[in-house]
Number of protein chains: 2
Amino acid sequence: MLNKGSLFIISGPSGSGKDTVLAEVFKRCPELKFSISTITRPMREGETENGKYRFVSVEKFKEMIENDMLLEHNNFVGNYYGTPKQYVVDNLNSGFDVIVEVDVNGAKQIREKMPEATSIFICPPSFEVLKSRLSARGTDSAEAVEKRLNASLGEIKRATEYDYIVVNDKLENTVDDVVAIIKTVGLKTQKHLDFIDKIINR
Amino acid sequence: MLNKGSLFIISGPSGSGKDTVLAEVFKRCPELKFSISTITRPMREGETENGKYRFVSVEKFKEMIENDMLLEHNNFVGNYYGTPKQYVVDNLNSGFDVIVEVDVNGAKQIREKMPEATSIFICPPSFEVLKSRLSARGTDSAEAVEKRLNASLGEIKRATEYDYIVVNDKLENTVDDVVAIIKTVGLKTQKHLDFIDKIINR
């Protein structure tokens with residue numbers, strides 16, 4: 001019998017460095033599947049369907065909600081964001097591990113639907129580093145930075161809802177940590193029941 | 001507040017290669033503490049107190065049982081074997097991770113007393129490899145090999161009582177797996193509560 005893959009929920013506030021971490025994790029684990037988001041905002045110039053998002057109309061999105069086709073969804077400044085269920089379920093059933101990158105609200109919704117998921121929160125190493133990372137973009141006003149800082153702190157408050165917290169101080173260590181978690185979940189006893197059975201009843 | 005260390009229970013039948021794996025794990029994780037066993041069998045020639053065992057009299061051992069000073073104990077062909085509690089508890093309280101190497105019965109006893117422990121079963125990759133490893137010692141009769149084989153299979157049957165099963169096919173991968181589990185347990189959210197608190201209430 002084929003073992004099902006495992007679902008990983010990864011979150012991290014603006015300034016956590018989550019995107020860089022994830023890019024490195026995928027280099028180290030090429031078999032990992034990344035769940036693409038469905039969104040309703042218009043495509044930006046130069047943006048393609050091959051990236052992080054799949055673009056649909058608001059009408060289509062609402063239809064997906066009604067038909068329970070989303071693992072989680074959110075409305076952010078007028079646009080809908082969601083995680084299509086089919087892609088995740090199909091890959092898990094085919095034995096692949098899947099990573100879903102969502103915010104704290106999305107994570108909560110997915111955890112309720114798939115409680116066996118493993119959730120990881122990527123956290124900045126300190127308030128000072130968070131602030132300096134958010135200020136470093138340069139183009140934003142002090143007010144905009146303050147607003148993002150508060151949003152990030154609001155997410156960090158909810159880090160305790162996650163199974164694991166990985167502090168992103170040195171990128172290499174952070175990537176090692178996330179890869180260790182993914183590897184460890186694959187070593188869980190319930191993934192080896194057939195194997196044990198085979199040795200005993202050879 | 002200092003975070004407490006984590007307790008790891010490691011078992012593996014004769015032929016699993018567990019001792020070699022553990023030796024490599026300790027090279028990779030020099031901060032890990034190894035819990036020494038207390039035993040009542042007489043010291044063998046050349047054996048010292050510095051090794052895996054601490055030798056005590058049967059009388060002293062029974063006193064330790066009565067005073068609840070052992071995490072687990074066992075009687076094997078007339079000799080007592082046990083894991084002193086004090087060493088484990090002291091090191092955990094000082095923030096060190098501790099590994100206890102015991103058989104399936106010892107693991108069960110420790111799990112009952114310390115349910116927060118993480119248990120790992122090292123398993124041979126197949127029946128054939130197990131048999132060939134047990135036969136390879138050369139000095140034993142076919143009957144002795146058969147007896148050890150059955151004892152090992154009896155332990156493997158109980159591998160499902162453990163949190164994780166690590167299949168020891170290639171030593172390097174096995175060591176990587178065990179180190180990943182130890183690292184992952186250190187990333188659990190409850191180990192980061194003070195850290196999160198510090199960022200939020202800076």
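This passage describes the fold of chain A, the pairing of chains A and B, and one residue of chain B.

The model is predicted: local features need pLDDT of at least 70, side-chain atom pairs count only at pLDDT 80 or more, and totals for chains, interfaces and linings use all residues. Residues are numbered from 1 along each chain as its sequence is written, while chains are lettered from A and ligands numbered from 1 in the order in which they are written.

Chain A has eight helices and nine strands. These are DSSP runs numbered from the N terminus (helices: H or I, at least four residues; strands: E, at least two). The C-alpha atoms of chain A fill a box of roughly 70 × 40 × 30 Å along the principal axes. The radius of gyration of chain A, 18 Å, agrees with the value near 17 Å for a compact globule of 202 residues. It is taken over C-alpha atoms, and the globule rule is 2.2 Å times the number of residues to the power 0.38.

Of the 202 residues of chain A, 35% count as buried. A residue is buried if 20 or more other C-beta atoms lie within 10 Å of its own, exposed if 12 or fewer, and partly exposed in between; C-beta atoms are placed from the backbone. The largest nonpolar core has 70 residues, and Ile9(A), Ile120(A), Ile9(B) and Ile120(B) have the most contacts inside it. Such a core is a set of buried Ala, Val, Leu, Ile, Met, Phe, Trp, Tyr and Cys residues joined through C-beta atoms within 7 Å. Beyond its neighbours within four places in sequence, Ile120(A) is in contact (C-beta atoms, placed from the backbone, within 7 Å) with residues including Phe8(A), Ile9(A), Tyr164(A) and Ile181(A).

Chains A and B contribute 28 residues each to their contact. On the side of chain B that touches chain A, α6 (142-157), β9 (164-167), α7 (171-185) and α8 (193-200) of chain B each supply at least two residues. The copies meet through the same surface, because 100% of the interface residues of chain B are also interface residues in chain A. A turn of 180 degrees and a shift of 0.0 Å along the axis lay chain B on chain A with an RMSD of 0.0 Å. That is the relation of a two-fold axis. Superposition is by least squares on the C-alpha atoms of residues with pLDDT of at least 70 in both copies. Ala180(B) comes closest to the rotation axis of the residues of chain B, at 2.3 Å (C-alpha).

Leu92(B) lies in helix α3 (residues 85-93) of chain B. Leu92(B) is partly exposed, with 19 other C-beta atoms within 10 Å.

Key
Contact = placed C-beta atoms within 7 Å.
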